[in-house]
Amino acid sequence: MMYLKEQIRAFIVESFLFGDTTRALSDDDSLIENDVVDSTGILELVSFVEDTFAVTVADVEILPTNFDSIARVAAFVAGKSAVSAPLAVAS
Amino acid sequence: MCGIVGYFGHGMAPDAAEIVLQRMSHALRHRGPDDSGVHAEIAAGFGHRRLSIVGLADGQQPMCNADGALWISFNGEVFNHVELRRMLEAKGYRFRTASDTEVILHLYEEKGDACIDELNGDFAFAIWDSRQGRMLVARDRMGVRPLFYAERRGMVFFASEIKALLEVPGIEAEIDPFALDQVFTCWAPVPPRTMFKGVLELPAGHCMVLDGSGMAIRQYWDLDFPQDVCGAQNEQAIAEELLALLDDATAIRMRADVPVGAYLSGGLDSSVTCALAKPYAASGLRTFSVTFDTPEHDESPFQQQMVSALGTRHSAVACGPEEIAGAFPAVIAHTEKPIIRTAPAPLHVLSRHVRDAGMKVVLTGEGADEVFAGYDLFKEAKVRRFCARQPGSRRRPLLFSRLYPYLPGLTQQTPESLAAFFGAKGEDIGDPLFSHRPRYRSTAAAKLFFSGDLRKTLEGYDATDEILARLPGDFGRWHPQHQAQYLETKFLLPDYILSSQGDRMAMAHGVEGRFPFLDHRVVDYAARLKPSLKLRGFAEKHILRRAVADLLPPAIAQRTKQPYRAPDSRSFLTGQEPNYVRCCFSAQALEETGLFNPAAAGKLIEKCRRQTDGFRDNAAFVGILSTQLWHRTFTRQSLLNDGDRLLAAVN
């Protein structure tokens with residue numbers, strides 16, 4: 001989970017903060033309320049998650065509860081991976 | 001319509017003053033290619049560049065009255081000059097010219113400073129009253145025509161554009177960092193602030209008196225929303241009255257001694273303008289459009305419908321990435337301020353096209369969205385308030401995705417995401433700037449790129465405080481929609497739309513824009529109508545649509561507002577990337593200006609090159625590029641004292 005969060009944080013710092021590490025952003029800070037992402041930014045984040053972690057995100061899953069903080073994205077990805085892993089083994 | 005310059009105060013011998021005035025007016029020659037003149041006295045002087053439209057043979061300026069005691073330098077048009085002349089003649093005034101300029105002079109003789117209240121027009125002028133040793137400087141109600149001023153060594157210098165003031169010895173271009181913060185929040189500096197430290201803008205609807213006791217500035221007109229005084233009438237009667245008013249506003253704007261054409265975007269507003277103008281164009285109406293090769297920006301099918309319906313002589317100019325990128329440095333030389341959208345560039349291309357077609361006056365549909373609540377922002381604020389009343393609702397936020405059908409990202413969002421983006425920030429619905437906070441906030445996100453030094457300078461500063469400070473006393477008593485309309489009409493309209501997209505782009509090629517929807521009678525009339533007559537549900541400009549229903553093809557009359565936009569970063573970064581873009585984003589150039597973080601800006605341009613950028617990235621890209629260009633154009637120009645460099649950019 002720690003590594004997941006670091007990967008997600010690295011993407012957010014690079015893509016939305018353009019390398020600005022002076023801005024304090026905790027794992028639980030809201031990305032929306034802190035103006036880190038806008039409506040197109042959240043779709044970038046979804047795209048990153050799909051490409052990097054090989055998970056599929058349904059439209060109905062694009063929720064603040066899944067994408068509004070580093071911790072939430074990490075938990076969402078971890079949950080998805082846990083679901084998809086047995087399927088991968090089965091196939 | 002022209003360019004004016006001048007000074008008030010002792011400090012220069014008339015001979016030296018004449019040279020300064022000539023240099024100043026030379027800097028504005030794009031505004032008035034037809035003629036020029038200067039008049040210098042010990043205590044005051046004027047210069048003028050003329051674009052001849054009314055009184056072609058005898059309207060030279062600066063102009064004086066019969067005994068030479070009053071002098072005027074005037075930029076703009078007085079559309080009701082015919083009626084005013086008749087009234088003045090009845091009172092015994094004799095006219096030597098056919099110009100509207102002389103009408104203002106005699107009106108001043110008759111009414112003094114109150115002459116401004118009688119003028120229906122777009123103007124910036126100065127009258128030197130040598131007998132009283134005082135000067136009156138005034139700017140039109142809506143802010144169509146610009147007027148800037150600066151004080152140096154006890155003298156006040158003024159001009160239609162700041163580049164003329166930079167010709168005055170001792171006035172140098174130095175950036176006002178707080179103005180830059182305003183651009184990156186509200187899209188433009190909030191007058192009287194400009195991008196240039198020490199150079200101020202006379203706000204729209206204001207006048208200034210200069211005399212021995214100093215400078216006094218007062219607001220002579222403000223937008224007001226009295227309580228629904230038209231409420232007693234039925235809707236049909238209001239629609240008929242409005243149509244008659246719009247018809248007259250258009251008719252008096254067709255007055256000119258040269259042909260008057262019209263811009264035709266294919267939207268409701270410009271289509272109404274063209275339909276109303278057609279009967280007054282004695283030799284047929286010429287219309288002009290921009291077309292884009294990107295379907296999300298292009299409106300040519302609607303333009304063609306209107307051309308067929310009205311039978312105008314139409315001409316379109318294609319505007320693609322190459323044209324936008326090619327025009328952009330000149331655009332910034334004209335706007336004299338950074339911008340966060342490329343939208344002015346196609347209008348720069350269009351005005352050149354109009355001028356090449358031999359025309360120098362066009363009507364446009366600008367102003368209707370402010371006056372009749374056409375912008376999406378008004379609907380958005382309405383939905384945000386609606387959601388705020390029941391924060392837990394899952395249904396209410398879905399309305400947001402209906403607001404912006406042209407933004408594909410939004411339709412994919414869930415109600416929770418939409419609520420979060422638009423209204424889940426614990427907003428204070430009592431905030432006077434409630435309607436505009438999302439715009440300010442999303443624009444301000446681009447301040448992420450500000451350098452450490454700039455952030456330190458701006459610490460504790462809030463750009464919106466200067467807007468709050470300018471709100472009228474009654475503001476809190478108005479309906480929320482009217483509050484939003486006030487903010488849009490009094491700030492973005494004059495400070496960006498009429499300036500960066502309007503006067504500056506048209507006058508770059510000596511073209512005068514005229515705006516029937518901004519006739520103050522129309523503005524005042526619409527302000528008296530109840531909010532739901534303007535925005536009914538999600539149907540914007542309701543009463544306007546009803547008033548003009550018979551003038552337009554149904555597809556145009558019922559067309560939903562499509563905001564005018566142009567391709568942003570794509571214009572610069574697809575195909576051949578212009579050298580100036582690479583230069584402006586180079587670490588060396590960014591360090592030299594010291595305004596942006598070079599590493600972050602470098603990552604931004606790389607992201608834009610990969611075309612993975614969003615709206616916010618686009619605004620930041622255009623904002624940084626235009627700021628760098630602004631710096632290169634003006635501050636270096638001033639340091640080198642090289643007027644030709646600027647003029648080369650302008651031309």
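**Exercise 1. Where two domains of chain B meet**

Task: In this predicted model, find how many residues of domain 1 of chain B are in contact with domain 2 of chain B, and describe the domain 1 side.

Solution:
- Start with the count: 31 residues of domain 1 of chain B are in contact with 30 residues of domain 2 of chain B.
- Next, look for helices on the domain 1 side. Helix 5 (162–165) and helix 6 (177–186) of chain B each supply at least two residues of the side that touches domain 2 of chain B.
- Helix 6 of chain B gives the largest share of that side, 3 residues.
- Now sort the residues of this domain 1 side by class: 21 are nonpolar, 5 polar and 5 charged.
- To place the two domains on the chain, turn to the domain assignment, which gives domain 1 as 2–219 and domain 2 as 235–372 + 490–557 of chain B.
- Finally, taken over C-alpha atoms, the centres of domain 1 and domain 2 of chain B are separated by 26 Å.

**Exercise 2. One phenylalanine**

Task: Decide whether Phe292(B) is buried or exposed, and list its contacts beyond four places in sequence.

Solution:
- Locate the residue: Phe292(B) sits in the loop between strand 14 (286–291) and helix 9 (300–310) of chain B.
- Apply the cut-off: a residue is buried if 20 or more other C-beta atoms lie within 10 Å of its own.
- Phe292(B) has 20 C-beta neighbours inside 10 Å, so Phe292(B) counts as buried.
- Setting aside neighbours within four places in sequence, Phe292(B) is in contact with His297(B), Asp298(B) and Cys319(B).

**Exercise 3. A pair of helices**

Task: Work out how helix 10 and helix 11 of chain B are oriented to each other, and which residues meet.

Solution:
- Read the geometry: the axes of helix 10 (residues 321–335) and helix 11 (residues 344–356) of chain B come within 8 Å and cross at roughly 95°.
- Angles of 65 to 115 degrees count as roughly perpendicular. Helix 10 and helix 11 of chain B are therefore roughly perpendicular to each other.
- Among the residues that meet are Ile324(B), Phe328(B) and Val331(B) from helix 10 of chain B, and Pro344(B), His348(B) and Val349(B) from helix 11 of chain B.
- By class, this helix contact has 9 nonpolar, 2 polar and 1 charged residues.

**Exercise 4. Between the chains**

Task: Find how many residues each chain brings to the contact of chain A and chain B.

Solution:
- Chain A brings 21 residues and chain B brings 23 residues.
- On the chain A side, helix 2 (39–53) and helix 3 (64–67) of chain A each supply at least two residues.
- Helix 2 of chain A provides the largest share of that side, 6 residues.
- The chain A side divides into 9 nonpolar, 5 polar and 7 charged residues.

Technical notes. Residues are numbered from 1 along each chain as its sequence is written. Chains are lettered from A and ligands numbered from 1 in the order in which they are written. This is a predicted model: local features need pLDDT of at least 70, side-chain atom pairs count only at pLDDT 80 or more; totals for chains, interfaces and linings use all residues. Two residues are in contact if their C-beta atoms, placed from the backbone, lie within 7 Å. Helices (H or I, at least four residues) and strands (E, at least two) are DSSP runs, numbered from the N terminus. Ala, Val, Leu, Ile, Met, Phe, Trp, Tyr, Cys and Pro count as nonpolar, Asp, Glu, Lys and Arg as charged, and the others, Gly among them, as polar. Domain bounds come from an automatic or database domain assignment. A residue is buried if 20 or more other C-beta atoms lie within 10 Å of its own, exposed if 12 or fewer, and partly exposed in between; C-beta atoms are placed from the backbone. Axes are lines fitted to C-alpha atoms, for helices over the stretch in contact, and angles run from 0 to 180 degrees between N-to-C directions. Angles under 35 degrees count as roughly parallel, over 145 as roughly antiparallel, 65 to 115 as roughly perpendicular and the rest as oblique.
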